Structures are given as structure tokens and as C-alpha cells.
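Biologist: I am new to this structure and would like to learn how to read it feature by feature. Could you take me through it, giving the general idea each time and then the case at hand?

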Amino acid sequence: MRRISVGQKLYLSVLLIFLIFALSFIIFQQRREESFKVQLVQTRLQDYNARLATALGYGGGFAGDVVLGYLAKYPINNLRVTVIDPEGKVIFDNERKDYSRLPNHLNRKEVADAIRTGEGIDISRTSESMGEKYFYSATCFKDLGLIIRTALPYNDELIFSLQTDQHYIWFAIAAVLILIIVLYRFVNRLGDNITKLRAFASQADQGGSLDTEDLVNFPDDELGEIAERIVKIYKRLQSTKKEQSNLKKQLTQNIAHELKTPVASIQGYMETIIENPHLRPEQRDQFLQRCYAQSRRLTTLLQDISTLNRIDDAPEMIEFGQVDIARMVDGIIRETALQAKERRMTFHNGLPSGLVVQGNSSLLYSVFRNLADNAIAYAGDDTTVTITAERDGKLWRFCFSDNGAGIAAVHLPRIFERFYRVDKGRSRKMGGTGLGLAIVKNAVMLHGGTISALNNEGGGMRFVFTIGS
């Protein structure tokens, strides 16, 4: 059994509601028109009754000749006039000469209503005396002691006068047709969008191509624009997911490669010690020291990987607080003093005292420690490292600069990539993991800042980055 689409359900529902409304409007208008037409005939006959009563009043009382004279002077085609006394006895009828034989009229609806309220009407009743269907209108004149009843037979003239105006029906039909056309065009466009989105969902679920023509050309309207954006967002997410997958794959390969070197070294040294129990003590100590150095490098690598994963996977779990950067940098300078002394390097802390930012202490420590270690490793001997900061609106702009050798400009855009090394052999020899600057960049971004690496004109390079206060 074929399922009814959402667009068809909407179309049928709205159409049904409008048809019910149109039908209700036609019925209401029909009854309103009928009531209006009946009221027109009633008013006409009541007016005639009143004028006839006035003529009788001028004559000083009831007289059949006066009624006949008035009918002759003011004729209405096929009009029947009946005069009834308060007891219900017919005392005049222009259509029956033997009106004295007519039965009592007190039980006639229009007569009874006229006696009770002053006016009475019976729209359609067959006359017992004439055998025809009449429109009756009766008026009670208490001052004259008479009830005057006029009636019109249901001939073509009366039927035409009671016929309602049918223009509103044509208006309702035209409105329904216009709605059907407009609603069909709207629902048809909606159906096209739903059909294309269904095809898109099916292709996406089955892993098919999303570049087919059906998923490109949507109707040129708001719904089509929304549908097209949904497809584009999904494609962008898929592309991002693919890029992330490639990056994870590449990262996994890089991690495996980086781990393999220290693990292989440790394994090699340990095998040598185990297979040569008679090694001289000094050689054994040398191999153990090298194993220890490689294990420390391995530990540092795992710590860096853990830090990056923490930044990437759960940034919302990282706690922020007040961090005194000036004091932190002083501590880092003391910690690295021995390595700096070996390279005859000087660190100058130009940060304002009491410089406090809102951030994560551990990650901010990683930023400045990695930059310091990077400078010690690559700036060169007899160099100076300067750390300064200045206020930039709601941010602090830091500059970590050295006057060392710098690096080739071609490497600057990539030095923040994970495991990217300008000189791979030298980096590994210096014990670097290739993740330090990647940690720096990600930590700065997590704190709402940006970072860039530039070469100084006089030599050396500088890192410029911002951190929110």
C-alpha cells in the first residue's frame, strides 16, 4: 500500500479545513440571504396592511367597499386580502365571495402570532380554502378591532423575489480553486524538497555519493535553501570527519614512529646487558644511563600526547582560575637555569609584576615551559631570550623573543604541526618529542587567543600570542 507523504497530508488537511470553512460560509450566507429576502416580502406586506388599515380608519370603520377601492387603487398581482375579527371570523376576502362560510382563523399561525405580538407570518402554507400555497403576513390593529392578512401565492414572481443571490457561491468556489492551485504549488515544492532530502538521507545512510544532480538542484525558495544548506552542512561535516580521520591516522603513525625509537633503543641496550653478563661495570652503567634517558624521553612523549588529547577531547572539563604569569615565568627561568647556563643563555623576564590571567595553570605552564625549552634547544649559544607583555583590550599580548639563529621562512607556517621538525635528526638528538609547539598552540587557542611565529629582522625569532585576562 502506497504511503501518503507529509506534503500530501498537509495538502489534504489544509484543503479539508478550507472546504469545511467554505461550506460553512455558503450555508451561513444562504440562510442569511433567505432571511433577508423573507424580511423584504414581510416588510412589503406589512406596509400594505398598515396603509390599508389607515384607509379603513379614514372611512370610520370596516367597509368592504373601502377595501375593494384600495385594492383597485393600489393593486398587487395575485394579492389576497383577508380581514378577520378578533374572534377569528373572516369578515372579508377578496378571493372568496362566500367568505362567510370560511372556518374560524384563530388557529392559523400568522393570525395567532398577530393577536399575540402584533405581527405574524407563515412563509409557506397551503390554504385550506384555496388549495394553493401562500406566503402569509398578518397584522393586528386593536384600535380598529381587525386583523388584516395579506398573502401572495407561490408563483414565479414570488419565487424569484425570494431567490437568494448566488454570487457568493461563485466567490467561494473561485477562492477554493485558487487555494487548490496555490496550495498544490506550495506542497509540490515541499514534496520535491522532502523527496530530495529523503534521497539524501538514503544516500548518506548507505554511504553513497552525495554529488548527484538530485541532491544539488533544490527548488529556488526558502525551503529549498534550507534543504540545500542541510546537505552542504552534512557534506562539510563528512569532509571534516574524513580530514579528522586522516589526521588521526597520520597522528597514530607518527606516534608509533616516535615511540618505536626510544623503545627500540631501550630494548637494544637491555638485550646487550642480558646477553653479555661479563660487561665491564662502566659499560653496563653507560647502557643503563642511556636506557634511563630513553625512558625519560618516552615518558615525556606520553605526557605530551596525554596533554594534547585532554585539550582536544575534553576542553570543557579543564578548570580555569586566576594564574600569576609573572611568578610562573620566574619559576620556569629558575628551573631551566642549569640548561641555560650550559648554553651561556640569558633569560630576561620583562613581564609586569602581578600579571594575572584567567586560565588553566597546568596548560599555561606548558605554554611558557615549552617555549623556554624550544629556545634553549634551538636558539643557540650566547643568546638572550626576552619575555614581554602588553595590554590589548581584554587580552594580554605576549612576545617570547630570542636573538638566535632563527629558522627558514618556509618552516614558519608549519612549526605548530604535531611531530613537525625543522631538523629531524637534531630534534631527536636534543630529546624533543615534536609536540611541544603543538601543545603551545592548542593551549593558547583554548584560552581564546591566537599565536604566530615570526623571524626577527636582526636575527632570531619571536612567538607572539594572546591570552584572555
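Modeller: Let us begin with a single residue and its contacts, where contact means heavy atoms within 4.5 Å. Leaving aside its neighbours within four places in sequence, H105 is in contact with I84, G88, V90, V111 and R149. This is a predicted model, in which local features need pLDDT of at least 70 and side-chain atom pairs count only at pLDDT 80 or more, while totals for chains, interfaces and linings use all residues. Residues are numbered from 1 along each chain as its sequence is written, and side-chain values use heavy atoms, with hydrogens and water left out.

Biologist: Is H105 buried or exposed?

Modeller: Buried means under 20% relative accessible area, exposed over 50%, and partly exposed in between, with a 1.4 Å probe and protein chains only. H105 counts as buried because its relative accessibility is 3%.

Biologist: Where does H105 lie along the chain?

Modeller: Helices (H or I, at least four residues) and strands (E, at least two) are DSSP runs, numbered from the N terminus. H105 lies in the loop between β2 (90-93) and α3 (109-117).

Biologist: In what order do the strands of the sheet with β2 run?

Modeller: Two strands pair if DSSP finds at least two bridges between them. Here five strands form an open antiparallel sheet in the order β2-β1-β5-β4-β3, and its edge strands, β2 and β3 (119-126), each pair on one side only. Strand β1 (residues 80-84) pairs with β2 in the antiparallel sense over three bridges, and I84 stands opposite V90 in β2; both I84 and V90 are among the contacts of H105.

Biologist: Which strands form the open sheet with mixed pairing?

Modeller: That sheet also has five strands, in the order β7-β9-β10-β12-β11. Because β7 (346-349) and β11 (451-455) stand at the edges with a single partner strand each, one side of each is left without a neighbour in the sheet. The partner pair β11 and β12 (residues 461-468) is antiparallel over five bridges, with I451 opposite F465 in β12.

Biologist: How do I read a helix that lies across strands?

Modeller: Axes are lines fitted to C-alpha atoms, for helices over the stretch in contact, and angles run from 0 to 180 degrees between N-to-C directions. Helix α8 (residues 325-335) lies across β7, β9 (384-392) and β10 (395-402), running at about 170 degrees to β7. Helix α10 (residues 361-378) lies across β7, β9, β10 and β12, at about 175 degrees to β12.

Biologist: Which residues of α8 are buried?

Modeller: They are I325, A326, M328, V329, G331 and I332, and what covers them includes β6 (321-324), α10 and β9.

Biologist: Which residues have the most contacts inside the largest nonpolar core?

Modeller: A nonpolar core is a set of buried Ala, Val, Leu, Ile, Met, Phe, Trp, Tyr and Cys residues joined through side-chain atoms within 4.5 Å. The largest has 42 residues, and those with the most contacts inside it are I325, F368, F398, F400 and F465. Helix α10 gives the most to this core, with eight residues.

Biologist: Which element has the lowest mean pLDDT?

Modeller: pLDDT is the predictor's confidence in each residue, from 0 to 100. Helix α11 (residues 424-429) has the lowest mean among the elements, 49, and β10 the highest, 93, while the chain averages 79. Where pLDDT is low, the predicted coordinates should not be read in detail.
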